Amino acid sequence: MDAFDVPTQPIDGQKAGTSGLRRQTRDFMAPHFLENYVQAILNAIGGAHGKRFVVGGDGRYFNDRAIQVILRMAAANGAAEVIVGQNGILSTPAASHLIRLNKTDGGFVLSASHNPGGIDADFGLKFNMANGGPATEQVTDAIYQQASTIANYRMLEAQDIDLTQIGDSMLGDMRVRVIDPVDDYAALMETLFDFDAISGLFRSGFRMAFDAMHAVTGPYAHRLLEERLGAAQGTVLNGTPSPDFAGGHPDPNPIWAHELMGIMTGPDAPDFGAASDGDGDRNMIVGRGAYVTPSDSLALIAAHAHVAPGYKAGLSGVARSMPTSGAVDRVAAAKGLDCFETPTGWKFFGALLDAGKVNLCGEESAGTGSDHVREKDGLWAVLMWLNIIAATGKSVGDLLADHWQTYGRNYYSRHDYEAVDSQVASTLMADLSAKLADLPGSAFAGLKVTEADEFAYTDPVDHSTTTGQGIRIMFDGGARVVFRLSGTGTQGATLRVYLERLETDASRLHMQADDALAAVIAAADEIAGIRARTGRDAPDVRT
Ligand code: G16
């Protein structure tokens, strides 16, 4: 088998967003696109010679072909070993765990997460570093530099590796280890949670519905929930990964997981419902008739994590992304824990986790996780909730009610305007930015602005600074609106408007979020002129 150089030239559109490179699948399938980006990654990390990597993805369309290309290029660049999930399948948290467990030099994670899959949908590639976490801003910038100047990539002429069979084989001088995608991850979960208590819960008749959304968590959930913990057969819905997620949108929120929401609000609703996304790092938690916002889920986990064996020593600190509500801050303050506010993107938690400053992180975008891996972890959050329910004997609804009673409730909603004309969206943000200094003191929809700024972050560990991370407008009484453009969309721009209001009056803790937030919603539109600029009457998605 011969390795050879293929001449190429830089291709537009290879700048990573919030989480690696996400593009339409056909872009990734275009000549040289994937190859250029893989070579750019290998160049940026100082080459592949003698190195070991993990490769896997969420099984979406083109996952299998892309993995064969990455294997051939890794071999051609002199890598010593690549560990691959059987059939090319690895959830993102499982990939992160394998990188750490096997002390590899990093990994290639193929996924566009919650974005739809298929030849006419989305694909993505992300490089994770030796700590198991997404490449830092510095490495991402170096990859972009390489992609912008690339002149050739290295390829091996070889047949496809059979990824259906577990075992070792050689590709040129490189060993390829095909492993079971679930085994090591399941073993890790068993060290963190009280499996006896959770099994006892299921034995006592506790019922659950888990919607894998035709995505990667199906095999993980079947193994852990049904086979290992004894949940009833049929607990896992849509549990076979499909290349186009059966035509669905694998994003675990009340809009896209409407099948599960229907079950949980129906007449014979189970006790507990949960869902995960395309690559298994996001989660949704829902009780009987009680949807838990990701921000509340993070706060509630912070308050109760010590009941799980892996966290019985307590938390070292917590972190949340800036647009995530301040609910977890209130728990941290009560418990005397450090609480960090980072830009959107799991990569910003990596340094805090590595330094031991925090061991619980979360984001409003349905991500929760700890220091067990360096990615957010959907099934981890589900098991944590099951452990909390088993330990406290309380329902999801009661846990939430008690939490709000103790800490107050941060009413929260995110409004997304999708596929907005990019020019309109960037002008909206630029205009907002230009008037920030004039906002304090003025009132909108009866709410007085106390502070307004553009979020910037200096990492307390590596001291790197990241600017331009969203516009924050704070109002009198603890309300806030944040405006940000998504870094994960693939068509036009997605404007995200994050709305929040703190309520501590015990008689007003059980309102509908949109009613509780009516004034904040009106103020947001008045300040940014969303309707007038986008021509939209309402957001496309509210979570
Ligand atoms: C990624 C990032 C998250 C981020 C989310 C949404 O998640 O890892 O940190 O919160 O995108 O980002 P944006 O608001 O820029 O679209 P995932 O699940 O898509 O990998």
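## Polar contacts with the ligand

A polar contact here is a pair of N or O atoms within 3.5 Å; within protein, one must be able to donate a hydrogen and the other to accept it, and residues adjacent in sequence count only if both atoms are side-chain atoms. This is a predicted model, in which local features need pLDDT of at least 70 and side-chain atom pairs count only at pLDDT 80 or more, while totals for chains, interfaces and linings use all residues. Residues are numbered from 1 along each chain as its sequence is written, and side-chain values use heavy atoms, with hydrogens and water left out.

Let's start with Ser 113, where a polar side-chain atom lies 2.8 Å from an oxygen atom of the ligand. Ser 486 has a side-chain N or O atom 2.6 Å from a ligand oxygen, and Gly 487 places a backbone N or O atom 2.6 Å from an oxygen atom of the ligand. The protein covers 99% of the 460 Å² of accessible area that the ligand has on its own (Shrake-Rupley method, 1.4 Å probe).

## The shell around the ligand

There are 19 residues around the ligand (each with a heavy atom within 4 Å of it), and Thr 18, Glu 363, Ser 486, Thr 488 and Arg 496 come nearest. By class, this shell has 1 nonpolar, 10 polar and 8 charged residues.

## Cysteines

How many disulfides does the structure hold? The count is 0, a disulfide being a pair of cysteine sulfur atoms within 2.5 Å. The sulfur of Cys 339 has its closest cysteine sulfur in Cys 361, 10 Å away, which is too far for a bond. Cys 339 is partly exposed at 31% relative accessible area (between 20% and 50%), whereas Cys 361 is buried at 0% (under 20%).

Terms used: Buried < 20%, exposed > 50% of the residue type's maximum accessible area, 1.4 Å probe, protein only. Nonpolar A, V, L, I, M, F, W, Y, C, P; charged D, E, K, R; others polar.
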